[in-house]
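This report describes the fold of a single chain, the pairing of its strands and the surroundings of selected acidic and basic residues. The sequence and the structure are shown first.

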Amino acid sequence: MKQKDRELRVDFVGGAVAHRLRFGGGRGQALAKAMGLRNGKTPMIVDATAGLGRDSFLLASLGAQVTLIERSQKMHALLAKGMADAAQEGGELRDIIERMTLIQGDAKDVLPQLDAQAILIDPMHPPRKSTALVKLELRQVRDIVGTDVDAADLMRVALETARSRVVLKWPAKADPMIGIKPCSHQILGKTTRYDVWMID
């Protein structure tokens, strides 16, 4: 195993995740709004591209039951360890982890088997137009999971199976995903936007 792969870990106890838990802004955050955590509603959420699990952890910290799907065996193992480590901390962290269910598999196959009100899709993003380097951690994830060339196929499956909404997390200035119908609305952040499809 390469050194850089050994250094990548999923940490729900400290660092950026802990800071976001304490000071992130609760349900006022763009992700929470996009996923429908408002007006007292807390949908059942499926994170179809779990990755480092940070968005799932945030949503679970706000009370949502979240199913994480990760097809990479290596990322799944990192997630499982990170979740176990956080659960061992007890207290609030254990309560959050208990609202998270991790599945290893291809979301295109798994989603039709689930009863998802809201589906979050955060594929590996297209190459940036700027010359700024992507954070090392995200480069490490890309090395493990690849480039998600089937992201549009996953979006189509999600749109067919979600009961309430599908949310695509995408770079703020990126072009819309090719081959997918226009979204219902967008929630914009400085570097990220959430394209939201409401299901009739």
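Two strands are said to pair if DSSP finds at least two bridges between them. By that criterion E2 and strand E3 (residues 100-104) pair, with 5 bridges joining them in the parallel sense. The model discussed here is predicted.

**Overall composition**

The chain holds 9 helices and 7 strands. Of its 200 residues, 46% count as buried. Among contacts with a separation of 6 or more, 68% are between residues 24 or more positions apart. The exposed surface of the chain amounts to about 10600 Å², of which carbon and sulfur atoms supply 51%.

**Strand E2 and its partners**

How many of the residues of E2 are buried? The count is 5 of the 5, so E2 is largely enclosed by the rest of the structure. In a regular strand the side chains alternate between the two faces of the sheet. In E2, one side carries Val66, Leu68 and Glu70, the other carries Thr67 and Ile69, and these residues are all buried, leaving both faces covered.

Strand E1 (residues 45-47) is joined to E2 by 3 bridges, and the two run parallel. Within this pairing, Asp47 has Leu68 of E2 as its bridge partner. Between E1 and E2 the chain passes through H4, and the resulting β-α-β crossover is right-handed. In the pairing of E2 with E3, Glu70 has Gln104 as its bridge partner in E3.

**The annotated positions**

UniProt, in an unreviewed entry, places the feature "binding site" at Arg54, Asp55, Glu70, Arg71 and Asp122. Two of these positions, Asp55 and Glu70, can be placed in the fold as follows. Asp55 belongs to helix H4 (residues 54-61), whereas Glu70 belongs to strand E2 (residues 66-70).

Is Asp55 buried or exposed? Its relative accessible area is 7%, which is under the 20% limit, and therefore Asp55 counts as buried. Glu70 is likewise buried, at a relative accessible area of 6%.

Apart from neighbours within four places in sequence, the contacts of Asp55 are Arg20, Leu31, Leu120, Asp122 and Lys169. Asp122, one of these contacts, is also among the positions that the UniProt record lists under "binding site". With Lys169, the contact of Asp55 includes a polar one between the two side chains, at 2.8 Å. Lys169 itself lies in strand E5 (residues 165-171) and counts as buried, at 14% relative accessibility.

**Strand E5 and its surroundings**

E5, the strand that holds Lys169, is mostly covered, with 7 of its 7 residues buried. Which strands pair with E5 in the parallel and in the antiparallel sense? E4 pairs with E5 in the parallel sense over 4 bridges, and in this pairing Ile119 stands opposite Val166 of E5. E7 is joined to E5 by 7 bridges and runs antiparallel to E5; here Val167 stands opposite Val196 of E7.

Helix H9 (residues 151-161) also packs against this part of the chain. Its buried residues are in contact with helix H7 (107-110), strand E4 (118-121), E5 and E7. In H9, the residues Ala151, Ala152, Leu154, Met155, Val157, Ala158 and Leu159 are buried.

**Asp195 in strand E7**

Strand E7 (residues 192-198) contains Asp195, which is buried at a relative accessible area of 3%. Leaving out residues up to four places away in sequence, Asp195 touches Val166, Val167, Leu168, Cys183, His185 and Gln186. The contact with Gln186 includes a side-chain to side-chain polar contact of 3.0 Å. A further polar contact, of 2.8 Å, joins the side chains of Asp195 and Arg193. Asp195 and Pro176 are 19 residues apart along the chain, and their C-alpha atoms are separated by 8.8 Å.

The side-chain polar contacts described in this report are collected below.

| Residue | Partner | Distance |
|---|---|---|
| Lys169 | Asp55 | 2.8 Å |
| Asp195 | Gln186 | 3.0 Å |
| Asp195 | Arg193 | 2.8 Å |

**Summary**

The pairings described comprise E1 with E2, E2 with E3, E4 with E5 and E5 with E7. The polar contact between Lys169 and Asp55 connects a residue of E5 with a residue of H4.

Key:
Residues numbered from 1 in each chain as written. Predicted model: local features only at pLDDT ≥ 70, side-chain atom pairs only at ≥ 80, totals over all residues. Heavy atoms only, no water. UniProt positions renumbered as here; feature names shortened; annotations may be inferred. Buried < 20%, exposed > 50% of the residue type's maximum accessible area, 1.4 Å probe, protein only. Contact = heavy atoms within 4.5 Å. Areas by Shrake-Rupley, 256 points an atom, 1.4 Å probe, with all protein chains shown as cover. Polar contact = N/O pair within 3.5 Å; in protein donor to acceptor, adjacent residues only side chain to side chain. Right-handed = clockwise from strand over helix to strand, strands pointing away.
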